[in-house]
Amino acid sequence: MHVEGSNGSYLDIGVQALAIAVFKDEKADDGFLMDLDKVTGGVVKSVIESEELKGKEAETVYLHLVGNSEIKAQRILLVGVGEREEYTAAQASQMAGTAVRALRGKSVKSIAIVSRLEGKADEVSAAVVEGSFLALFELDKYRTADKEEREIERLVVVIDGADEGDLKRGVERGRIIGESVNVTRDLANEPGAYMTPTIMAERAREVATEFNLSIDVLDEARMEQEGMGSLLSVTRGSEEPAKLIVLKYTPPNADEAKNGLLAFVGKGVTFDSGGISLKPGESMELMKYDMTGGATVIGAMRAIGQLKPSIPVLGVIPCTENLPSGKATKPGDVVRAMTGKTIEVINTDAEGRLILADAIAYAKKLGATKIIDMATLTGAVSVALGDVNTAVLGTDQELIDELIAAGKEAGEKFWQLPLDKEYSKQIKSDIADIKNVGGRRAGTITAAAFLKEFADGVSWAHLDIAGTAWGDEAKPYRSKGPTGVAVRTLIRIVTRAALKCDGGS
Ligand code: BES
Ligand code: ZN
Ligand code: ZN
């Protein structure tokens with residue numbers, strides 16, 4: 001899809017269809033809609049007065065314009081966007097997504113989007129383009145029939161009077177971020193057979209080569225040397241070798257000693273059967289997406305390599321399968337993590353925290369001073385927050401607040417859960433330093449309490465994306481399946497931190 005910005009009037013854009021935002025209960029008697037009504041021969045007023053369109057979020061009305069010479073496009077799609085006062089970049093992004101999906105369904109090949117969001121042209125255009133790319137992702141890669149073959153060839157973001165440079169920059173940023181989120185979704189969607197730790201490392205290497213990131217992939221021998229007994233205990237049951245992927249973005253003149261180093265750590269379990277503590281068969285196929293935390297890191301780093309912020313960023317992704325076999329770790333086994341801590345493995349299905357423990361320790365060894373880890377870690381998070389909010393926990397309240405604020409900008413919701421030290425009692429072991437499960441109560445919190453044991457001495461936040469990384473239903477603005485949650489927020493965390501750093505120095 002070719003994407004461009006236009007700072008002229010929407011009347012003059014030669015596309016097949018114009019998509020136009022309409023606010024809730026907006027009338028066509030004055031202002032923007034009155035002008036639109038005039039050039040479309042009264043059709044807008046008619047649609048609104050007949051109450052066919054009330055302007056509620058994601059409502060659409062599709063109209064062919066016949067015999068109009070004042071407007072170049074032949075069709076318009078009116079898209080409800082809800083309350084004007086609540087209309088932000090996140091909503092404009094969804095509006096664009098809804099428009100793109102609806103118009104693709106009508107075989108439209110060229111679209112101009114009039115989001116009507118007030119604000120800086122670079123932010124508005126980035127939001128619109130981001131939302132458009134996210135909307136186009138489909139799950140049908142492995143279908144041979146009934147594939148979505150229709151394609152939008154040209155997208156124009158219209159912001160009347162915008163500065164050309166701002167518009168261009170925004171469009172480019174939106175494309176980079178949108179495409180990168182889709183890379184995460186594509187990785188997450190791959191079946192376990194096509195997304196082994198080895199393949200995941202290859203995919204990371206391709207991204208690194210293309211987008212100026214350095215990469216190091218530790219094999220099991222090197223993990224052994226590093227003393228990563230916790231990570232290695234998870235891969236014991238698998239025939240596929242584990243990999244620890246390390247990506248790094250380094251800007252020119254980075255001063256890590258002075259400014260510290262931000263690291264993203266993502267769970268990369270390419271298939272989670274539960275191991276000897278085998279999961280029930282129902283829905284086990286979904287456990288192919290247990291590497292989404294890792295895919296999130298790859299997607300975010302891919303964007304960062306292109307956006308070139310002024311601060312360095314490290315990405316660490318422990319990749320393994322979790323399978324039962326005669327060699328697999330058994331419940332009751334005791335393993336030694338890289339930090340020297342001993343862990344009693346009560347349940348081999350609580351494997352995510354075991355691999356993250358060593359990955360967090362390794363990120364610290366590489367100089368990380370601030371760590372955000374993300375993982376499809378617990379089923380319990382869906383019980384607590386459903387598929388709406390991602391759980392955030394951690395030891396640095398400022399970092400958590402930043403994540404929540406960046407998420408708001410990006411249209412991704414984070415909800416903080418408590419992490420009082422009392423919860424750590426639940427993971428005390430009778431025979432080792434800690435155990436890997438804390439009983440049935442507060443499952444998301446005790447998982448985080450486990451990770452906290454390895455994140456001491458750094459500023460740390462943890463995202464449990466098990467409830468939000470996969471959408472069971474399609475939305476008007478995106479397909480069902482992998483959502484790519486948190487990629488956009490992480491990118492904003494980096495760009496915000498870079499701005500602060502530039503301002504401060
Ligand atoms: N990968 C799962 C968590 C998960 C569940 C992700 C559902 C996505 C959807 C994780 O490794 C796991 O199995 N966690 C256990 C922990 C328990 C044994 C303490 C769980 O949540 O049941
Ligand atoms: Zn598990
Ligand atoms: Zn898992």
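R175 and E179 form a salt bridge, with their closest N and O atoms 3.0 Å apart; a salt bridge is a side-chain nitrogen of Lys or Arg within 4 Å of a carboxyl oxygen of Asp or Glu. The model is predicted, so local features need pLDDT of at least 70 and side-chain atom pairs count only at pLDDT 80 or more, whereas totals for chains, interfaces and linings use all residues. Residues are numbered from 1 along each chain as its sequence is written, chains are lettered from A and ligands numbered from 1 in the order in which they are written, and side-chain values use heavy atoms, with hydrogens and water left out.

**Salt bridges of helix α5**

- Both R175 and E179 belong to helix α5 (residues 164-189), where they are four residues apart, about one turn of the helix; helices (H or I, at least four residues) and strands (E, at least two) are DSSP runs, numbered from the N terminus.
- R175 is partly exposed at a relative accessible area of 22%, and E179 is partly exposed at 24%; buried means under 20% relative accessible area, exposed over 50%, and partly exposed in between (1.4 Å probe, protein chains only).
- D186 pairs with R203 in a salt bridge whose closest N and O atoms are 2.9 Å apart.
- Because R203 lies in helix α6 (residues 197-210) and D186 in helix α5, this pair ties together parts 17 residues apart in sequence.
- R203 is partly exposed, at 23% relative accessibility.

**Other salt bridges**

- E4 and R154 meet through their side chains in a salt bridge of 2.8 Å, N to O.
- E4 is in strand β1 (residues 2-6) and R154 in strand β6 (residues 154-158), so the pair ties together parts that are 150 residues apart in sequence.
- Both ends are partly exposed: E4 at 24% and R154 at 28%.
- A network of salt bridges links E130, E409, E412, R488, R492 and R496.
- The count of salt bridges comes to 31.

**Zinc site**

- K267 (NZ), D272 (OD), D290 (OD) and E351 (OE) are the protein donors of the zinc ion (ligand 3), at 2.0 to 2.4 Å; donors are N, O and S atoms within 2.8 Å of the metal (3.2 Å for Na, K and Ca), and since water is not among the atoms, sites may look incomplete.
- The site of the zinc ion (ligand 3) is octahedral, with angles of 77 to 174 degrees among its six donor atoms; six donors count as octahedral if opposite donors are over 155 degrees apart and all others between 65 and 115.
- D272 bridges the zinc ion (ligand 3) and the zinc ion (ligand 2), which are 3.2 Å apart.
- D272 is buried at 2% relative accessibility, and D290 is buried at 3%.

Note on methods
Tetrahedral: all angles 85-135°; square planar, octahedral: opposite > 155°, others 65-115°.
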